[in-house]
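Colleague: I'm new to reading protein models. Could you walk me through one?

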Amino acid sequence: MKQQIQELIQASIFTKQQVLQNEALLQIVSNVTDAIVAAFQSGNTVYFCGNGGSAADAQHLAAEFSGRFYKDRKALPAEALHCNTSYLTAVANDYSFDLIYARLIQGLGKPGDVLIGLSTSGNSKNVVQAFETARAKGMITVGFTGSTGGAMKDLSDYLINIPATDTPRIQESHMLLGHIICQLVEERIFG
Ligand SMILES: O=C(CO)[C@@H](O)[C@H](O)[C@H](O)[C@H](O)COP(=O)(O)O
Ligand SMILES: [Zn+2]
């Protein structure tokens, strides 16, 4: 058991080392930081979406902006799209689960807003359809995915594709980079 625990910790560290050595990926993280700073400074909103553990990650990261990260500062407009269960159950029941995020983006999204989608496969249909709708509305799309990027690859203005194929290891690196982006955005806007 202890050996298995150590192997799983090593696997998480290995994935993060792959990220650390990937200069192109780190440049994209920097570019995403710039894009989010510019969006907030223009009065735009950042939306997050994902399924399962990635929904939790979406909610977690949105709250770093709308609540606080390190600093005592004004709120930044950010929201995760799965948080209204009445909306989710109605749209999934009356239309389709694949439409739950696209429909909210249809209703809320404005040009220059940012949609961040977290999907380890890159193929979750509700996230993919939200990206299609966001692009049609002139929004900026940021994909957090696994190595291939899946269907989100061609729909992402910025693709943070963690070089791994194991869902939990990908999610752990999503949160690492998500936290880094939150910290850098907060520092850039509030000093
Ligand atoms: O948290 C985990 C696994 O770590 C699961 O809940 C996982 O997020 C779910 O199976 C998701 O439905 C997977 O979707 P995706 O990452 O392929 O978009
Ligand atoms: Zn999980």
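**Two helices and a ligand shell**

Modeller: Sure! Let's start with a pair of helices: H5 passes H6 in a right-handed crossing. Keep in mind that this is a predicted model.

Colleague: How do I read a helix pair? What are the angle and the distance between the axes of H5 and H6?

Modeller: In general, two packed helices are described by the angle between their axes and how far apart those axes are. Here, helix H5 (residues 100–108) packs with helix H6 (residues 125–136) at about 20 degrees, and their axes are 7 Å apart. Angles under 35 degrees count as roughly parallel, so H5 is roughly parallel to H6.

Colleague: Which residues in H5 and H6 meet?

Modeller: From H5 you've got Ile100, Tyr101, Ala102, Ile105 and Gln106, and they meet Asn126, Val127, Gln129, Ala130, Thr133 and Ala134 in H6. Sorted by class, the residues of this contact are seven nonpolar, four polar and no charged.

Colleague: Now the ligand. Which residues are around ligand 1?

Modeller: Look for Asn51, Gly52, Gly53, Ser54, Ser119, Thr120, Ser121, Ser124, Thr167, Pro168 and Gln171. Helix H3 (53–66) and helix H7 (167–190) are the elements that give two or more residues to this shell. H7 gives the most, with three residues.

Colleague: How many residues of each class does the shell around ligand 1 have?

Modeller: Ten polar, one nonpolar and no charged.

Colleague: And what about the confidence scores of the model?

Modeller: The chain's mean pLDDT is 98, with 100% of its residues at 70 or more. The model also scores ipTM 0.99 and pTM 0.98.

Key
Residues numbered from 1 in each chain as written. Chains lettered and ligands numbered in written order. Predicted model: local features only at pLDDT ≥ 70, side-chain atom pairs only at ≥ 80, totals over all residues. Near = placed C-beta within 6 Å. Helix = DSSP H or I, 4+ residues; strand = E, 2+ residues; numbered from the N terminus. Nonpolar A, V, L, I, M, F, W, Y, C, P; charged D, E, K, R; others polar. Axes fitted to C-alpha atoms, helices over the stretch in contact; angles between N-to-C directions. Parallel < 35°, antiparallel > 145°, perpendicular 65-115°, else oblique. Left-handed = near helix turned anticlockwise from the far one by under 90°. Contact = placed C-beta atoms within 7 Å. pLDDT = per-residue confidence, 0-100.
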